[in-house]
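Reader: I am new to this structure and would be grateful for a close look at a single part. Please choose one residue to begin with, and then describe the surroundings to which it leads.

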Amino acid sequence: MEEKKDAVPRHSEIEKSIIKRYRKSIWRPFVRALNEYDMIKEGDHIAVCISGGKDSMLLAKCMQEIRKHGKMQFELTFLVMDPGYNAANRRKIEENARILDIPVHIFDTDIFNAVEDIKDSPCYLCARMRRGYLYKEARRLGCNKIALGHHFDDVIETILMGMLYGAQIQTMMPKLHSTNHPGMQLIRPLYLVKEDAVIKWAQFNELEFIQCACRFTEMYTETKNANGESKREEMKELIAHFRGISDHIEGNIFKSVENVNLNTIISYKKDGAVHHFLDDYDERGKGFINNL
């Protein structure tokens with residue numbers, strides 16, 4: 001009698017779905033971002049930061065796969081910072097890490113308690129503290145980079161929020177040098193992956209992840225519009241509306257920060273200095289006269 005073959009481990013099927021079923025919508029944009037923005041170098045030790053949501057968990061799997069199939073040698077540490085999650089969220093993160101075969105390193109902080117009584121900009125302070133703790137722990141573990149799970153939709157939402165609510169043109173960069181932690185860099189490998197693809201991947205594999213685990217989301221309105229709605233959710237709705245109008249608008253929003261023509265900009269900032277078009281307006285005008 002022929003022996004029954006062992007069932008394929010669930011994490012293997014999940015990994016296969018990234019490479020095969022979602023090759024066009026996840027794997028290729030992921031690899032393209034790594035290459036286009038030169039995110040990984042030979043010998044890097046990258047801390048993949050996992051919040052417990054769908055984006056960071058997918059990022060972890062993609063980073064495992066690129067290390068397995070890529071040409072460069074580099075190390076990965078899968079870093080989970082617990083800022084004060086409730087027990088159910090902590091268990092869910094640990095359970096998903098086991099399902100996905102991600103060897104997480106969890107460390108505890110007291111961030112939620114630290115910002116609980118802060119009235120002015122607690123969300124901003126919380127985000128800064130989270131980032132600081134992640135850099136500090138990553139460096140302690142010998143890492144030179146941290147990887148975050150921001151995706152394409154986060155990028156274009158940031159562009160729109162900057163324009164509509166910040167009166168500025170800015171974007172979420174694909175990689176950054178840390179200003180407070182010399183020698184450390186931040187990379188965003190899912191930069192070109194759309195959120196819809198992440199959702200479909202999670203649903204196809206019947207994966208459930210924690211949503212926003214912050215204890216104060218409903219208490220504070222600093223990131224909300226005049227109607228009490230989340231500004232980022234408002235941007236999501238606006239982009240969904242644009243997608244219903246044209247397939248090209250979201251791509252054009254993204255490309256708008258790649259195709260900036262400084263000759264048509266009234267002013268811009270670089271390294272803290274403001275440059276105005278009037279600074280050399282007369283000089284440029286003399287050049288036009290000489291060419292007549």
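Author: Gln-64 is a suitable place to begin in this predicted model. With a relative accessible area of 10%, Gln-64 counts as buried, because the cut-off for that term is under 20%. Gln-64 belongs to helix α3, which comprises residues 54-69. Leaving aside residues up to four places away in sequence, Gln-64 is in contact with Glu-15, Leu-76, Phe-78, Leu-100, Asp-101, Ile-102 and Pro-103.

The helix that holds Gln-64 also leads to the nonpolar interior. The largest nonpolar core has 71 residues, and those touching the most other members are Ile-26, Phe-30, Ile-46, Met-63, Ile-146 and Trp-201. Helix α3 supplies seven residues, the largest share of this core. In soluble globular proteins, nonpolar side chains tend to be buried together.

Phe-30 shows what such a core member meets. Residues up to four places away in sequence again set aside, Phe-30 touches Cys-62, Met-63 and Ile-66, and also Pro-189, Leu-190 and Val-193.

A second helix, α9, offers a further view of burial. Its buried residues are Lys-231, Met-235 and Ile-239. Seen down the axis of α9, these buried residues fall within an arc of 80°, and therefore line one face of the helix. Their cover includes α7 (152-166) and α10 (249-256). On the other side of α9, Glu-237, His-241 and Gly-244 are exposed. At the N-terminal end, Ser-230 acts as a cap for α9, with a side-chain oxygen 3.3 Å from the backbone nitrogen of Arg-232.

Notes
Residues numbered from 1 in each chain as written. Predicted model: local features only at pLDDT ≥ 70, side-chain atom pairs only at ≥ 80, totals over all residues. Heavy atoms only, no water. Buried < 20%, exposed > 50% of the residue type's maximum accessible area, 1.4 Å probe, protein only. Helix = DSSP H or I, 4+ residues; strand = E, 2+ residues; numbered from the N terminus. Arc of directions from axis to C-beta. Contact = heavy atoms within 4.5 Å. Polar contact = N/O pair within 3.5 Å; in protein donor to acceptor, adjacent residues only side chain to side chain. Core = buried A, V, L, I, M, F, W, Y, C linked by side-chain atoms within 4.5 Å.
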